[in-house]
Amino acid sequence: MADLITVAEYKDAEGLRGEKDDDRLAVIVPQVSDLVKKYCGISFIDFYSSSKTETFSIDDNYTTTLIMSESPLIAVSAVQERTSYSGSYTTLTTGNYEYYVDTESDAIIRTNKEGNPIPFKKGVGAVKVTYNAGYSATPEDLKLAIFDLINYYMKDE
């Protein structure tokens, strides 16, 4: 997956010239990017232009809303559900009002033709959603925090 910043961006932000720390930065920058993604629970930029597919297991007869793990939700290319573990997936459509994409809460809501919420099918791996989410580039405020983390790890204390 993509690093949230580059070594060159860090060096520009910190006013560093030369190649003295490049080898060390080449190790620290990807590790800090990975740390931030894991700590925040989202990848920020990895699924902006490439799709992510998530599979949901539904263990009750009441679940009407699924929250995607990546944010912000940009586009949904497929919502599929199946009625049994061995069954094949059926693709739901917005044209038939079978689901609603709530970009404010990064959620997919299962609906009927009247637009009312109804439960998703129950079962292991019952629902599969393919979508795009995130940012085209790392947000500037996040870059600032990443620069601070790299500074912390670059100290020789």
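Strand 1 (52–58) and strand 7 (residues 123–133) run antiparallel and are joined by 6 bridges. If you would like a residue pair to pin this down in the viewer, take lysine 52, whose bridge partner in strand 7 is tyrosine 131. Keep in mind as you look around that this is a predicted model.

Strand 7 also pairs with strand 3 (residues 73–81), again in the antiparallel sense, and here the pairing covers 7 bridges. Two pairs help you trace it: valine 79 has valine 129 of strand 7 as its bridge partner, and glutamine 80 stands opposite lysine 128 in strand 7. So strand 7 has pairings with both strand 1 and strand 3, and how enclosed is it by the rest of the structure? Of its 11 residues, 8 are buried, so strand 7 is largely enclosed by the rest of the structure.

From strand 3 you can step on to strand 4 (residues 90–92), which pairs with strand 3 in the antiparallel sense over 3 bridges. Here glutamate 81 stands opposite threonine 90 in strand 4.

Now go back to strand 1 and follow the chain into the loop between it and strand 2 (65–67), where you will find asparagine 61. This residue is partly exposed, because its relative accessible area of 48% lies between the 20% and 50% cut-offs. Setting aside residues up to four places away in sequence, asparagine 61 touches Pro119 and Lys122. Lysine 122 is 61 residues away along the chain, yet the two C-alpha atoms are separated by 6.3 Å.

The helices offer a further stop. Lysine 11 sits in helix 1 (residues 7–14). Is this lysine buried or exposed? Lysine 11 is buried, because its relative accessible area is 14%, and buried means under 20%. Beyond its neighbours within four places in sequence, lysine 11 is in contact with Leu16, Arg17, Gly18, Glu19, Asp22 and Leu25.

Let us finish at the surface. Leu35, Tyr39, Tyr152 and Tyr153 make a nonpolar surface patch of about 510 Å². Which helices supply the residues of this patch? Helix 2 (22–40) and helix 3 (140–154) each contribute at least two. Leucine 35, which belongs to helix 2, is partly exposed with a relative accessible area of 35%. That value is over the 30% that patch residues need, so leucine 35, at 35%, passes this accessibility cut-off.

Note on methods. Residues are numbered from 1 along each chain as its sequence is written. This is a predicted model: local features need pLDDT of at least 70, side-chain atom pairs count only at pLDDT 80 or more; totals for chains, interfaces and linings use all residues. Side-chain values use heavy atoms; hydrogens and water are left out. Helices (H or I, at least four residues) and strands (E, at least two) are DSSP runs, numbered from the N terminus. Buried means under 20% relative accessible area, exposed over 50%, partly exposed in between (1.4 Å probe, protein chains only). Contact means heavy atoms within 4.5 Å. Patches are made of residues with over 30% relative accessible area and no salt bridge: like charges are joined within 9 Å, nonpolar side chains (Val, Leu, Ile, Met, Phe, Trp, Tyr) within 5 Å. Accessible areas come from the Shrake-Rupley method with a 1.4 Å probe; for residues, only the protein chains shown count as cover. A salt bridge is a side-chain nitrogen of Lys or Arg within 4 Å of a carboxyl oxygen of Asp or Glu. Two strands pair if DSSP finds at least two bridges between them.
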